[in-house]
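This report concerns an annotated domain, the salt bridges and one strand residue. The structure under discussion is shown below.

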Amino acid sequence: MENIEILFPDQTIKYLEPDGSEKTIFPDDTVVHLSPSGEKMVEFPNGHREVHTSQYKRREYPDETVKTLYPSGQQETKYASGRVHIRKMKGATVSQPE
């Protein structure tokens, strides 16, 4: 199989690769990468990036803050300063000092 390029009427472009991966570029410059294993990475024009796997969903911000959401409902925020904030499923909050 060779590389396939699909152009949609709204100017979205999708590339299908021989290894099963996909890359979609939307008119607003958002780019979605889909790996053969099912991992999805979304790059937004404002510099944010999201990674979706079966184990978590993570959003990375330009200021190096990383927020991760786990299937259990637990949320974890890591700040550039090194501080980590964890919110458990039932609203209990745990913060670790910088």
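## The annotated span

In this predicted model, residues 18-52 contain 0% helix and 46% strand. The C-alpha atoms at the two ends of that span are 22 Å apart. An unreviewed UniProt entry assigns the feature "domain: Centromere protein J C-terminal" to residues 18-52.

## Salt bridges

Side chains that carry opposite charge can pair when their charged atoms come close. Searching the whole structure yields 5 salt bridges. One of the pairs joins the side chains of Lys14 and Glu22, with an N to O distance of 3.5 Å. Lys14 has a relative accessible area of 22% and is therefore partly exposed, since the buried class requires a value under 20%. Glu22 is likewise partly exposed, at 25% relative accessible area.

A salt bridge also connects the side chains of Glu50 and Arg59, where the N to O distance is 2.7 Å. Arg59 counts as partly exposed, with a relative accessibility of 22%.

## The network around Glu60

Glu60 is paired with Arg49 in a salt bridge, and their closest N and O atoms are 3.0 Å apart. Glu60 belongs to strand 7 (residues 57-60) and Arg49 to strand 6 (residues 49-52), so this pair ties together parts that are 11 residues apart in sequence. A network of salt bridges links Arg49, Arg58 and Glu60.

The two partners of the Glu60 and Arg49 bridge fall into separate accessibility classes. Glu60 has a relative accessible area of 17% and is therefore buried, the limit for that class being under 20%. Arg49, by contrast, is partly exposed, with a relative accessible area of 32%.

## Thr77 in strand 9

Which strand holds Thr77? Thr77 is located in strand 9, which covers residues 75-78. The relative accessibility of Thr77 is 9%, so this residue counts as buried.

When residues up to four places away in sequence are left out, the contacts of Thr77 are Thr65, Val66, Lys67, Arg83, Val84 and His85.

Notes. Residues numbered from 1 in each chain as written. Predicted model: local features only at pLDDT ≥ 70, side-chain atom pairs only at ≥ 80, totals over all residues. Heavy atoms only, no water. Salt bridge = Lys/Arg side-chain N within 4 Å of Asp/Glu carboxyl O. Buried < 20%, exposed > 50% of the residue type's maximum accessible area, 1.4 Å probe, protein only. Helix = DSSP H or I, 4+ residues; strand = E, 2+ residues; numbered from the N terminus. Contact = heavy atoms within 4.5 Å. UniProt positions renumbered as here; feature names shortened; annotations may be inferred.
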